[in-house]
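Reader: Before I rely on the descriptive terms applied to this structure, I should like to see the reasoning behind them. Could the model be shown first?

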Amino acid sequence: MEPMDWLKNEELLRFFHCKKTEMSCMENPHTFLSQLRDHDLIQEDRYKKVSRMKSKDNIRKGLYDYLDWLERERPQSVREFWSCVFKETILNQYLTLRLLRNSLMDGSFRFDKQLPERVETEESDEGKRKELSEGEEGEEKQETSVKKKRKLRSRSVCVDEEEPAGPSTQMTPRKRSKKICFSSPLKKGGENNIWSWPMYKFQLPVTCGDQEGTLNRDRLAEGEKCIVVGREWFTPNEFEKFAGRKSSKNWKLSIRCMDTTLGQLIKDGHLTAPKYKGGCKKAKKSLFPSGHSTTVSDEDEGEEEVSDLDEEDKVSSSSKESSAAVTDEEEEERAEQQPKTSHDSGRKVFRVTCGAVAGTLHKKRFASGTRGKSIRTETSWMTPVEFLEVAPSQTNASWRKHIKYDGEPLSVLTEANILGIHSLLCNCRLCNPVYEDLESEKNDDECCICKEEEELVMCDHCPRSFHQKCHLPHVEDVILRDNGKWMCTFCIFRTSQGYLYSEELEREAAMMCQISKRILQCQYLLLCLCSADEEQTFAVNPCLYLNGYSAVIQTPMWLGHIADKLQKNLYQTVGEFVTNVQLIFSNCASYNRDNAEFLAMGNRLKELFDREFKSVFNISE
């Protein structure tokens, strides 16, 4: 649900006016500008001018000048602007935008606050914007000499793909904001029952599975189509089917608002809803072996849903006299009969095995058994047929049958159209690749560290790709201009591990080592942690996202900060480095005592670090 659905243009424009400076200070705004350009919200010459800028001060001024122009010259486009930049892929790239959207959603921005009258002297746009120096334009020309190792990911294939989130050039701060906090600030802070807030008087944000929508309270009370997704309206039953939960047949339990079922809100009096009647009757299987079946209409389902609510709240444990009532056993039977693939329709990556060989199959790279290197192992990308050949004792085997996902053959995914096999006549880049495409298929489409795309440096010895500033040590431009092959820190460490330091060490002796002599090992350890932190939970300063975090944790620490210190050679001993890493885990344990999910994430990374540290430094037990 978008906040623009209930806000007036004047309110959105006032919000825009107050937040221009914050938006102009965003790091690496190129993806932001590209999104605006795609929606015709920025002139082409202005887009190119700001994109060419290298100085951070010039970029901020150029971006602010553009936002100021948009407010003055195109105020009627403000709704389209917010709708454009509040897309999830853009929010994942820019924390500032996510915080702005949250302030609209939770009502923390006050529209009734009177702003002082604006006093300014208008100057011509041309007079304000002559900031781009000739030196900066010269820098742009030098960029063209960068060699093949840096690649742009703008692939056009037949399968559906999400728009890439955009470039990331620094390790600190991280631009991804997806699950970056250790626990939800809303849950730790204020009241969570948003249905009682004034801003949600007429409509509520609702979800069913992964599908989001907006529920209109008045339409629900009238028994009309009351849930809107985009521009399409649905009844609760239709929204449930639209979200892929048709087999549930119980919208009061499957549709939720902030993890609270609509049935519970109706029961507590927060919502009013009549029974939604369907035109046809549906058969429901009975528990009785005699073959008796009970037919229930959608009207009867309303009675079932009330029964389910009672069981959910454990209000009554007595048996139901009506044969139409749904019992727990029926729900289990129905769940067993539901195809497993229905839960995987939105999945992009699948863990697959063939005998003892394991890998991950990436949907957007899949074309067929022999086209599209879609399965990644630790050492390379392969087509399904190539993956099959790597597995021992799998000669003359079928990739559909012998490659398994979740214990089932891969044919289950192809038959369910979750994996689409391309036509023999398909002419996309997967099916008919040129040399550059074949080279690109050898490496990952996203950075091994920050999980973002574009402008990647590819290792010539493994499938990994990195942004220049995400890798440790940073990859300098002079290396990219070299025609020789480049090896990442993972590969350097593993090829030299056998002869670097073979003697066993006590833990105390390892901690006292000068880090200058063990910098490779420390860089490898930190890259292992950053790569394993897939949601970037520990990558950035938690004080930026958690209100009151500094009141609980005296010394915040995060992976990006440690990476900066390693890059700048600010550690003297291995012990100082290890102490900072361990501080991340102890802070996580202290702050998330009551949050099992994030506590487990911290423990998992801690176990990985302890295990790798013992192996890297050959610690004797």
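Author: The exchange below takes several terms in turn and sets each against its cut-off. The model is a predicted one.

Reader: Why is Leu-99 called partly exposed?

Author: Leu-99 has a relative accessibility of 41%. Buried means under 20% and exposed means over 50%, so with 41% Leu-99 counts as partly exposed. Leu-99 is found in helix H7, residues 95-105. Its C-alpha atom is separated by 8.9 Å from that of Tyr-545, although the two residues are 446 apart along the chain.

Reader: How do you know that the buried residues of H3 line one face of the helix?

Author: The buried residues of helix H3, which spans residues 44-52, are Arg-46, Tyr-47 and Val-50. Viewed down the axis of H3, these buried residues fall within an arc of 100 degrees, so they line one face. In general, an α-helix has 3.6 residues a turn, so residues three or four places apart point the same way.

Reader: What makes H22 oblique to H24?

Author: The axes of H22 and H24 cross at roughly 125 degrees and come within 10 Å. Roughly perpendicular covers 65 to 115 degrees and roughly antiparallel begins over 145; the crossing at roughly 125 degrees fits neither class, so H22 is oblique to H24. The crossing is also left-handed. On the H22 side, the residues that meet H24 include Phe-490 and Phe-493, and on the H24 side, Tyr-524 and Leu-527 are among those that meet H22.

Reader: Why are H24 and H27 called roughly parallel?

Author: H24 and H27 pack at an angle of about 10 degrees, with their axes 11 Å apart. Angles under 35 degrees count as roughly parallel, and H24 and H27 are therefore placed in that class. The contact is made by Cys-522, Leu-525, Leu-526 and Leu-529 of H24 together with Val-574, Phe-577, Val-581 and Phe-585 of H27.

Reader: Which residues touch the most other members of the largest nonpolar core?

Author: Leu-526, Phe-577, Phe-609, Phe-613 and Phe-617 do so, in a core of 55 residues. Among the elements that give two or more residues to this core are strand S16 (456-458), helix H26 (559-567) and helix H28 (596-616). H24 gives the most, with 10 residues.

Reader: Which residues is Phe-617 in contact with, leaving aside its neighbours within four places in sequence?

Author: Phe-617 is in contact with Leu-505, Ala-510, Arg-518, Gln-521, Cys-522, Leu-525 and Val-574. A second, separate core of 30 residues includes Leu-12, Phe-16, Ile-90 and Tyr-94.

Key:
Residues numbered from 1 in each chain as written. Predicted model: local features only at pLDDT ≥ 70, side-chain atom pairs only at ≥ 80, totals over all residues. Heavy atoms only, no water. Core = buried A, V, L, I, M, F, W, Y, C linked by side-chain atoms within 4.5 Å. Buried < 20%, exposed > 50% of the residue type's maximum accessible area, 1.4 Å probe, protein only. Helix = DSSP H or I, 4+ residues; strand = E, 2+ residues; numbered from the N terminus. Contact = heavy atoms within 4.5 Å. Arc of directions from axis to C-beta. Axes fitted to C-alpha atoms, helices over the stretch in contact; angles between N-to-C directions. Left-handed = near helix turned anticlockwise from the far one by under 90°.
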